[in-house]
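User: I am new to this structure and would like to learn how its labels are earned. Could you walk me through it?

Analyst: Gladly! Let us look at it together.

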Amino acid sequence: MINIIGLGPGNNDYITKVGEKLILNSDVVIGGKRNLDSIENFKGEKIVLASNLKEIVRYINENKDKQISVIASGDPFIYGIGKYLSKNIDTKELNVVSGISSLQYIFSKIYVDMNDLYITSSHGKTPDFDYVLSHKKVCMVTDKVIGPKEICKEILNRDLKRTVIVGENLSYDNEKITIGTPKEILEADNFQMCVVVILEEY
Ligand SMILES: C[S@@+](CC[C@H](N)C(=O)[O-])C[C@H]1O[C@@H](n2cnc3c(N)ncnc32)[C@H](O)[C@@H]1O
């Protein structure tokens, strides 16, 4: 079995017990550098996952005798590695353990339900903001190119009334949650790794 394990938002206290056990019993753990650094107790082989996705799939298919776990931040099926691996590895050989997503985490912190939430991402793409902002409740994972300020410019350009919540470094010691109008977010300091919630009503 190949495990795909969601680590949760970042702080090790949020990983599931089943995920932790599978990692510790693995021969090889594959993941992004931030995620590999976080599994200090694992003493086996670590392989860094970056843009080498094809090589990783080949490695997994050629090493089926090994216990391999691929680790991902949050939930692997929310803008994570789950989609690619489940399309490129026989799913009969996959065991997916979901983790708490950064999206789930921020909603619990702001006491807002996730019902009817529109989930999207700005990673490596320009979202269709007319469509995104037609929803009453949105949560976006972001990258360095399109982050909170660029999103707020799109809201202001359309003259929309929204509350914007930016969740930075969630679950880590330097976690910061900023709530404001698009104008306030635009005027705030620059943001680090974050998710952005856009609400019509708050
Ligand atoms: C490739 S996506 C992975 C999302 C992940 N699968 C999840 O469920 O949280 C990476 C993006 O998720 C968001 N993210 C992940 N962990 C975060 C954290 N601890 N705090 C804030 N945002 C986070 C950021 O927008 C980051 O750029």
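**How the labels are earned**

Analyst: A good place to start is Asp 159, which sits in the loop that runs between α7 (148-157) and β8 (163-168). Please keep in mind that this is a predicted model.

User: Why is Asp 159 called exposed?

Analyst: Asp 159 has a relative accessible area of 71%. The label exposed asks for over 50%, so Asp 159, at 71%, earns it.

User: What makes the phi of Asp 159 worth a remark?

Analyst: Phi of Asp 159 is near 60°, a positive value, and the residue is not glycine. Most residues other than glycine have a negative phi, so a positive one is worth pointing out.

User: Where is Ser 171, and why is Ser 171 called buried?

Analyst: Ser 171 belongs to the loop between β8 and β9 (176-180). Buried means under 20% relative accessible area, and Ser 171 has 5%, so the word buried applies. Ser 171 also has a positive phi, near 80°.

User: Why does Asn 63 count as buried?

Analyst: The relative accessibility of Asn 63 is 14%. With the limit at under 20%, Asn 63 is therefore counted as buried. Asn 63 is in the loop between α3 and β4.

User: How do you know that the side chain of Asn 63 makes a polar contact with Tyr 59?

Analyst: A polar atom of that side chain lies 2.8 Å from the backbone oxygen of Tyr 59. A polar contact needs N or O atoms within 3.5 Å, and 2.8 Å fits that limit.

User: Which residues of the largest nonpolar core touch the most other members?

Analyst: The core has 17 residues, and those touching the most other members are Ile 30, Ile 60, Ile 68, Val 70, Ile 81 and Leu 85. Two or more residues come from each of β1 (2-6), β2 (28-31), α3 (53-62) and β4 (68-72). The most come from α3, which gives four residues.

User: What does Ile 68 touch?

Analyst: Leaving out residues up to four places away in sequence, Ile 68 touches Met 1, Ile 2, Asn 3, Val 28, Ile 30, Tyr 59, Ile 60 and Asn 63. Another core of 16 residues lies apart from the largest one, and its members include Phe 129, Val 132, Val 164 and Val 166.

User: What makes Ser 101 a cap for α5?

Analyst: A side-chain oxygen of Ser 101 lies 3.0 Å from the backbone nitrogen of Leu 103, at the N-terminal end of α5. That is within the 3.5 Å limit for a polar contact. Just after α5, Tyr 111 has a positive phi of about 60°.

User: Which residues of α5 are buried, and what covers them?

Analyst: In α5 (residues 102-110), the buried residues include Leu 103, Tyr 105, Ile 106, Phe 107 and Ile 110. Their cover includes β6 (118-121), β7 (137-141), β8, β9 and β10 (194-199).

User: How do you know that Ser 102 makes a polar contact with the ligand?

Analyst: A polar side-chain atom of Ser 102 lies 2.6 Å from an oxygen atom of the ligand, and the limit is 3.5 Å. A backbone N or O atom of Ile 78 lies 2.7 Å from a ligand nitrogen, and one of Thr 142 lies 2.8 Å from a ligand oxygen. The protein covers 89% of the 560 Å² of accessible area that the ligand has on its own.

Definitions and conventions
Residues numbered from 1 in each chain as written. Predicted model: local features only at pLDDT ≥ 70, side-chain atom pairs only at ≥ 80, totals over all residues. Heavy atoms only, no water. Core = buried A, V, L, I, M, F, W, Y, C linked by side-chain atoms within 4.5 Å. Buried < 20%, exposed > 50% of the residue type's maximum accessible area, 1.4 Å probe, protein only. Contact = heavy atoms within 4.5 Å. Polar contact = N/O pair within 3.5 Å; in protein donor to acceptor, adjacent residues only side chain to side chain. Areas by Shrake-Rupley, 256 points an atom, 1.4 Å probe, with all protein chains shown as cover.
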